[in-house]
Amino acid sequence: MLFKLAFRNILRNRRRSVMSIGAIAVGAIAMVLFGGFVAIIILGVQTDTVRRTGHLAIYRDGFFTFGSGNPAAWGMQGYTQVLDMVKQDPVLAPMLEVATPTVSLFGIAGNFAIEASRTFMGAGVVPQDRDTMRRWNPYQLTYNNAADSGLDAADPTKGVVGTGLARILGLCEALKLSDCPPPQAKEKLDTPVSTDIAALADSEKSANAEPVDTRPHIDLLAATAGGAPNVINMVVTRADRQGVKELDDAMVLMHFDLAQQLLYGRGEKRAIAIVLQLHSTADMPAAKARIAELIRTRNLPLEVRDFIEISPFYGQVTGMFGAIFTFIAAIMGVIVLFTVVNTMSMSVMERTAEIGTARAIGLRRGGIRRQFLLEGWILGAIGASAGLLIGIGIAMIVNRSGLTWMPPGQSAPSPLAVMVDGMWKLHAGIWLGLMVMTTLAALLPANRAARLPVVDALRHV
Amino acid sequence: MHRRTFLAAPALLAAAPALAQTAPIAPQAMVAAADAIRNPGQPFRVTSTLTDYVGGRPRDKVVLVVFAREDKKTGQFNNLVRYVEPPRDAGKLVLYAGSTLWFYDPASKAAVRISPQQRLTGQASNGDVLTINMQRDYKAAMVGPEAIQDADRQSRNCWHLDLTGGPDAVYSRIEMWLEQGTHRMVKGKFYSDSGRLLKIAYYRKYIEQLGVQRPSETILIDAVDSALVTTVGSSDMRPQEIPDAWFQRDFLPRLKIEG
């Protein structure tokens, strides 16, 4: 009976009710779309980060804090035993996707044929493991399905560089890069040639000439752990865009064996880190605790870090989008609040005489309050439900429309997508949130209506 | 001429009878003799003139005064280098003690450590060649007699030696050509751990310095960046007493060198 009355009251001023329902629905649509979009971005960034750095990394104790300036000195002795320990542990083994050693190093990359050189940041990885890591995709994201790493397990001399580094070292043409101007001509010295020096250098050049390699290649210079200069030749198979210019201009990805040879020379070969990738991010705290326990019980000089520590970017993206979503939700809530307060107040004003009559024939204050609250709830429920359905509908259209955009920290455009599946928690939250807001908004006019003096209300024109 | 090194020869000769037919003394003793020619046994100072050539054209010229003294315990030479020219660098100091390199700028009064990563190229990388101690860090093996052309395109009969670096050595391998009879260094090739040729050195213009015929010019050819050549001329070599304090980093700001 109460419900029927409330519903009829809503239908009494149709245009006004539609406006309120519309405002609530728009709020719901905005939150469904933006929430789904943020969810996709965060999962995308997570997938990207985990593909690159894995979930967990084991370092020599102190490397993470102090070691990146001199990686060679922070090498992990007996890293193969650590690798075996992790792979054979009964707790860790079922969670593990990949456990692989890596080497990080820096030095000078040069293409001395054109007198170009630049400092580089290098990473040495095991190609097969790297390729497995790059296929990690538990969220079934359709975009950025990465190609292979560009390394060759059988040929350690092959490597990949950032496009910026390729440009600086004049490899644009050889690697067929687009949007990549050739290096600028060097300033020529105009001092006279010292003939005996030039002749000597030329004779040595021809005597020591290595067989001509037609593939694009660069020289990598680095200091070994012992402080001795070391140089190797790397064949560049590809240049990959890195997203961040600093990285793009300096990145060298090479075979693990080549990096070890460059960093350790004739000394003992070590690894800088052991990177673990798990089947599921949900296992990460358990796996981290288990590794920490292994390190503690065996008294190893090691430490374990997760990707949120290794890659602060992930935390920044999550935090930023979380803040934006909260802000949008708050604004939507306030708009809904004002709209419903307005609608209900108008309704109370129009129906003052009617309220007086109802009170005069015996309806108590609670009855009046319930009546208006119920009207608010019905407005909220219709608006929120319609908004959710329309929002999900728009999301599905957007997902099929083939729009693309450039996510933060990415190097290639990704399809614009809004997450719908598995978002029932967010959707339920939006619906309940809007209901709370409409209830709050209805409460104020409902209370005022309930407290009207009966005689004044009856006389109201 | 350098009797001191020859005195050790008979003992080493006995240890290497197989080579005795071809070489007068064992390879290790030859290397020791060559080291003695390059580096006087006593503390000394020398003026070095470094000239950079790019594609055969001179580019930069730097004049340095080097104070060197052998550390009796380690057998390593400690070097203190003071810039004289160009004027903008005059007074700057470089301390090369043990295997660490310190750079001191009197303007900022700060000593900065130069890490191995920061001396992969340029003048600093040449210091590794110039201060090398072959006798101590490397194991020499005889390849055989060989006639090679020296820096002045003169043919010289040399012993070709192959040196393998020990754990403390900068280079994993050195090929060295010493003139037969005098054990003067004529040419050296320096290899990295990966087996790549890093530097080629020619030693020439032997003149009498501190009582011995020593090379007054070293030509260093960068084998990685093959357009780059540096010549290092040495002159005005004379004995100088050098106090221990000079090789302490903390002492650099208080160092007063006259002359």
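**Exercise 1. Find the residues in contact with Leu165(A), leaving aside its neighbours within four places in sequence.**

Solution. Start with the criterion: two residues are in contact if their C-beta atoms, placed from the backbone, lie within 7 Å. Then leave out neighbours within four places in sequence. What remains is Ala109(A), Arg118(A), Phe120(A), Asp249(A), Ala250(A), Met251(A) and Val252(A).

A note on the input. This is a predicted model, where local features need pLDDT of at least 70, side-chain atom pairs count only at pLDDT 80 or more, and totals for chains, interfaces and linings use all residues. Residues are numbered from 1 along each chain as its sequence is written, while chains are lettered from A and ligands numbered from 1 in the order in which they are written.

**Exercise 2. Place Leu165(A) in the largest nonpolar core.**

Solution. Define burial: a residue is buried if 20 or more other C-beta atoms lie within 10 Å of its own, exposed if 12 or fewer, and partly exposed in between. A nonpolar core is a set of buried Ala, Val, Leu, Ile, Met, Phe, Trp, Tyr and Cys residues joined through C-beta atoms within 7 Å. The largest such core has 164 residues. Leu165(A) is among those that touch the most other members, with Ala28(A), Leu220(A), Ile274(A), Met30(B) and Leu178(B). By element, helix α2 (residues 14-53) of chain A gives the most, with 14 residues. Helices here are DSSP runs of H or I of at least four residues, strands are runs of E of at least two, and both are numbered from the N terminus. A second, separate core has eight residues, including Tyr96(B) and Leu252(B).

**Exercise 3. Describe the overall form of chain A.**

Solution. Count elements: chain A has 17 helices and 11 strands. Take the extents: the C-alpha trace spans about 120 × 60 × 35 Å along its principal axes. Compare the radius of gyration, taken over C-alpha atoms, with the globule rule of 2.2 Å times the number of residues to the power 0.38. For 461 residues a compact globule would come near 23 Å, but chain A has 33 Å. Buried residues make up 41% of the chain.

**Exercise 4. Is Trp377(A) buried or exposed?**

Solution. Locate the residue: Trp377(A) is in helix α15 (residues 365-401) of chain A. Apply the count: Trp377(A) is partly exposed because 16 other C-beta atoms lie within 10 Å. Beyond four places in sequence, Trp377(A) is in contact with Met435(A), Thr438(A) and Thr439(A). Its C-alpha atom is 91 Å from that of Ala198(A), 179 residues apart along the chain.

**Exercise 5. Trace the strand pairing around β1(B).**

Solution. Strands pair if DSSP finds at least two bridges between them. β1(B) runs antiparallel to β13(B), with 10 bridges. Here Phe44(B) stands opposite Pro239(B), and Arg45(B) has Arg238(B) as its bridge partner. β1(B) also runs antiparallel to β2(B), with 10 bridges. There Val46(B) partners Val66(B). β1(B) and β2(B) form a hairpin with two residues between them, and Gly55(B) in the turn has a positive phi of about 60°.

**Exercise 6. Which elements of chain B give two or more residues to the side that touches chain A?**

Solution. Count first: 34 residues of chain B are in contact with 32 residues of chain A. The elements are β1 (44-54), β2 (57-70), β11 (197-209), β12 (212-222) and β13 (228-239) of chain B. β11(B) gives the most, with four residues.
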